[in-house]
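Here is a short briefing to read alongside the model. It goes through an annotated site, a helix, a sheet and the cysteines in turn.

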Amino acid sequence: MEQLDGNEGTSAFHMPEWMIQFADQKQEFNKRPTKIGRRSLSRSISQSSTDSYSSAASYTDSSDDETSPRDKQQKNSKGSSDFCVKNIKQAEFGRREIEIAEQEMPALMALRKRAQGEKPLAGAKIVGCTHITAQTAVLMETLGALGAQCRWAACNIYSTLNEVAAALAESGFPVFAWKGESEDDFWWCIDRCVNVEGWQPNMILDDGGDLTHWIYKKYPNMFKKIKGIVEESVTGVHRESILDGLKRTTDMMFGGKQVVVCGYGEVGKGCCAALKAMGSIVYVTEIDPICALQACMDGFRLVKLNEVIRQVDIVITCTGNKNVVTREHLDRMKNSCIVCNMGHSNTEIDVASLRTPELTWERVRSQVDHVIWPDGKRIVLLAEGRLLNLSCSTVPTFVLSITATTQALALIELYNAPEGRYKQDVYLLPKKMDEYVASLHLPTFDAHLTELTDEQAKYLGLNKNGPFKPNYYRY
């Protein structure tokens with residue numbers, strides 16, 4: 001879900017000329033409680049680089065050495081060294097991946113085509129901290145085509161596709177990211193994006209809040225010139241993601257397996273539906289009686305984790321909380337139980353409690369560890385308790401096209417908003433913007449929308465061109 005931080009006043013969402021079919025509609029951003037914004041700034045630095053997804057499909061070259069990219073002197077073909085990536089020579093391979101992604105991101109490409117003449121981001125200096133993937137590269141190059149200058153770091157130490165980072169660096173984007181960064185590398189890369197002589201960012205695009213947190217703590221005066229922040233997360237509701245990650249890492253069959261899903265929010269609902277469709281026996285844990293009732297009415301058994309921990313084959317956390325699966329739970333799991341996390345941060349499974357002398361860790365394959373107890377029992381831990389779906393697999397490009405397009409539109413809106421339109425607060429994207437993004441994707445399916453008649457629109461109390469749902473409506 002994308003969020004916007006505006007800096008002054010409130011007003012209606014402005015539709016530029018190239019969004020002509022919606023020019024007669026203006027919609028206020030739906031105000032979100034400010035405590036969410038405060039929470040994002042107060043997140044612990046220790047949780048930072050492991051909060052979100054990463055991709056397993058990274059190109060590797062047998063000639064790659066173990067030298068840290070920070071210790072390498074690299075230049076692109078234009079002679080620039082304002083970047084830090086694993087290997088600039090991988091740029092051609094990364095360019096192919098970006099071109100493939102473009103074919104599955106129709107709305108973003110349409111936005112680029114419609115708005116690049118107007119250059120709505122001319123003068124924008126955007127500092128970004130997201131996952132460096134082919135899909136993000138399409139977004140970055142779209143922002144560049146619309147007139148923005150960008151500097152970018154990765155929001156997760158495992159999410160970067162090295163070849164894509166190389167392609168972006170070759171194209172002239174200052175990118176500071178590589179797969180497998182240390183915690184120190186992570187913050188160093190963010191600082192290299194922000195602390196640049198003669199370059200002052202005026203917009204922030206963040207995933208997880210780490211970049212915003214870093215500026216807030218280290219360079220608070222920068223906020224005087226920053227017009228707005230777009231914060232995004234694509235953690236939830238991709239029903240295929242949980243199955244994809246589990247299949248790639250474990251090669252398991254789901255039919256008949258007993259699975260407990262901790263949390264029945266948007267992420268948990270998707271996981272449960274996918275697992276049930278594959279024939280798994282699914283249990284759910286919940287603290288919220290409403291979500292618990294939903295789980296029961298959807299046909300899932302509501303339990304406490306302690307009640308089923310000895311018998312289940314898979315444990316999946318989807319709560320966004322901390323210490324959901326404790327060392328006590330881990331000790332009681334049966335042999336070969338698979339443990340993984342689909343929540344946004346890496347705090348749900350107490351992985352730190354497993355790093356003790358009496359337990360043995362064996363790396364089986366990338367992002368798959370066996371943790372072995374003294375009696376020979378072992379559990380299968382995926383992605384060290386970090387977000388599974390893109391630590392161990394991918395999210396469909398078409399899905400990311402939707403989020404990337406809303407990010408671009410949000411940046412355009414905040415950058416061009418006149419003084420007084422937004423005050424210092426946290427806003428959700430308006431329904432009108434979501435509807436516009438959805439409309440850009442419909443031609444891919446040869447879809448044809450039904451139009452309201454004047455009489456029908458009057459009866460419903462709607463404008464014929466939308467928005468068609470109130471701000472509180474949850475799809």
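Helices here are DSSP runs of H or I with at least four residues, numbered from the N terminus. By that numbering, glutamate 266 belongs to helix 9, which covers residues 266-277. Please keep in mind that this is a predicted model.

**The annotated binding site**
- The unreviewed UniProt entry lists Gly265, Glu266, Val267, Gly268, Lys269, Gly270, Glu286 and Asn389 under "binding site".
- Valine 267 is, like glutamate 266, a residue of helix 9.
- Is glutamate 266 buried or exposed? Its relative accessible area is 46%, so it counts as partly exposed.
- Valine 267, on the other hand, is buried, because its relative accessible area of 15% falls under the 20% cut-off.

**Helix 2 and its two sides**
- Helix 2 runs over residues 91-103, and at 1.5 Å a residue its 13 residues should span 18 Å. The C-alpha atoms at its ends are 19 Å apart, which agrees with that expectation.
- Which residues of helix 2 are buried? They are Ala91, Gly94, Glu97, Ile98, Ala101 and Glu102.
- These buried residues cover an arc of only 145° around the axis, so they sit on the same side of helix 2.
- On the other side of helix 2, you will find Glu92, Ile100 and Gln103 exposed.
- The buried residues of helix 2 pack against four partners: helix 3 (106-115), helix 4 (134-145), helix 5 (162-170) and helix 14 (397-416).

**An open sheet of eight strands**
- The strand order in this open sheet is 12-11-10-13-14-17-16-15, and the pairing is mixed.
- Strand 12 (301-302) and strand 15 (360-365) are at the edges; each has a single partner strand, so one side of each has no neighbour in the sheet.
- In general, the strands of a sheet pair through backbone hydrogen bonds, in either a parallel or an antiparallel way.
- Strand 14 (residues 337-341) and strand 17 (residues 378-382) take the parallel option, with three bridges between them.
- Within strand 17, leucine 381 is the residue opposite valine 339.

**Cysteines**
- How many disulfides does the model contain? The count is zero, with a disulfide taken as a pair of cysteine sulfur atoms within 2.5 Å.
- For cysteine 318, the nearest cysteine sulfur is that of cysteine 271, 4.0 Å away, and cysteine 318 is in no disulfide.
- Cysteine 318 is buried, with a relative accessible area of 10%.
- Cysteine 291 is buried too, with a relative accessible area of 15%.

Terms used:
Residues numbered from 1 in each chain as written. Predicted model: local features only at pLDDT ≥ 70, side-chain atom pairs only at ≥ 80, totals over all residues. Heavy atoms only, no water. UniProt positions renumbered as here; feature names shortened; annotations may be inferred. Helix = DSSP H or I, 4+ residues; strand = E, 2+ residues; numbered from the N terminus. Buried < 20%, exposed > 50% of the residue type's maximum accessible area, 1.4 Å probe, protein only. Expected span 1.5 Å × (residues − 1). Arc of directions from axis to C-beta. Contact = heavy atoms within 4.5 Å. Pairing = 2+ DSSP bridges.
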